[in-house]
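This report describes how several helices pack against one another and what lines the main pocket. The sequence and model are shown first, and the description follows.

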Amino acid sequence: CCSTDGREQSLSSMSKQLESCQKALNEYLDTKKNIFPRFYFVSNTALLDILSNGNNPPKIMPHLGSIYDGIGSLSFVEPEEEEKPEGDEASVVTETVIAKVPEKANAMNAKDGESVSFEHDFKMTGAVENWLNKLTSFMQNTLRSVTEQSLKEASNWDVDNPREEWLFSYPGQIALLACQVLWTEET
């Protein structure tokens, strides 16, 4: 079996082809990493899984924690059901039910369970590296907005809202930041 004529040449040729494929795959993954640099934080195996499931955001969620340190998942908006055309039920022999994949998220969830709602739904369509770039900006803008709102409300602690109630109205890091900003302004 191993001493068949041409086996060594065949294996050598296959090895060269495999190296060529691996080089091409690494170049492809590097182009994706250049588009979305946070892909450098995940293994090539995970990156292939992300890229192959780019049109199915729920399948990417197991890798989100590797891409974003504090994010565990996104909360998805359930896709709307399409209305079926009315017709003769007898003429329908087989009905195929295709579950729609959620394309919108309405909140980001930390690994510890804390959740921050988006001001409006975030749409995840197109190439995964592109919508992840947009998601990064979207999350930053959301946190900026929540921080601004918390600072506005924090300035009225004694008047409208006791501090201990205000504290639980915002994510932990935002509440700490707002407290530190107000303390710095007061001192």
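## Helix packing and the largest pocket

In this predicted model, the axes of helix 4 and helix 6 come within 9 Å and cross at roughly 50 degrees. An angle from 65 to 115 degrees would count as roughly perpendicular and one under 35 degrees as roughly parallel, and helix 4 and helix 6 are therefore oblique to each other. Their crossing is right-handed. On the side of helix 4, the contact is made by L143, V146, T147, S150, L151 and A154, which meet I174, L177, A178, V181 and L182 of helix 6. By class, the residues of this contact comprise nine nonpolar and two polar, with no charged residue among them.

Two further helix pairs involve helix 2, and the table sets the axis values of the three pairs side by side.

| Helix pair | Axes come within | Crossing angle |
|---|---|---|
| Helix 4 and helix 6 | 9 Å | roughly 50 degrees |
| Helix 1 (residues 7-35) and helix 2 (residues 44-52) | 11 Å | roughly 70 degrees |
| Helix 2 and helix 3 (residues 57-67) | 9 Å | roughly 135 degrees |

With a crossing angle of roughly 70 degrees, helix 1 and helix 2 are therefore roughly perpendicular to each other. Helix 1 contributes L25, N26, Y28, L29, K32 and K33 to their contact, and these residues meet N44, L47, L48 and L51 in helix 2. The contact of helix 1 with helix 2 divides into six nonpolar, two polar and two charged residues.

Helix 2 also packs against helix 3, where the angle of roughly 135 degrees falls short of the range over 145 degrees that counts as roughly antiparallel; helix 2 and helix 3 are therefore oblique to each other. The crossing of helix 2 and helix 3 is left-handed. Here A46, D49 and I50 in helix 2 meet K59, I60, H63 and I67 in helix 3, and the residues of the contact of helix 2 with helix 3 are four nonpolar, one polar and two charged.

Turning to the pocket, the largest one has a volume of about 410 Å³. It is lined by 17 residues, of which G70, I71, M108, M139 and L143 are the closest to its centre. The elements that give two or more residues to this lining are strand 2 (104-110), strand 3 (115-123), helix 4 (128-154) and helix 6 (172-186), and the largest share, five residues, comes from helix 4. By class, nine nonpolar, six polar and two charged residues make up the lining of the largest pocket. L143 links the two parts of this description, since L143 is among the residues closest to the pocket centre and L143 is also one of the helix 4 residues that meet helix 6.

Notes:
Residues are numbered from 1 along each chain as its sequence is written. This is a predicted model: local features need pLDDT of at least 70, side-chain atom pairs count only at pLDDT 80 or more; totals for chains, interfaces and linings use all residues. Side-chain values use heavy atoms; hydrogens and water are left out. On a 1 Å grid over the protein atoms alone, a cavity is a set of points where a 1.4 Å probe fits but cannot get out, and a pocket is an open set with protein on both sides within 12 Å along at least five of seven lines; lining residues have an atom within 4 Å of a point. Grid points are joined across faces, edges and corners, and a volume is the space filled by probe spheres set on the points. Ala, Val, Leu, Ile, Met, Phe, Trp, Tyr, Cys and Pro count as nonpolar, Asp, Glu, Lys and Arg as charged, and the others, Gly among them, as polar. Axes are lines fitted to C-alpha atoms, for helices over the stretch in contact, and angles run from 0 to 180 degrees between N-to-C directions. A crossing is left-handed if the near helix is turned anticlockwise from the far one by less than a right angle, and right-handed if clockwise. Contact means heavy atoms within 4.5 Å.
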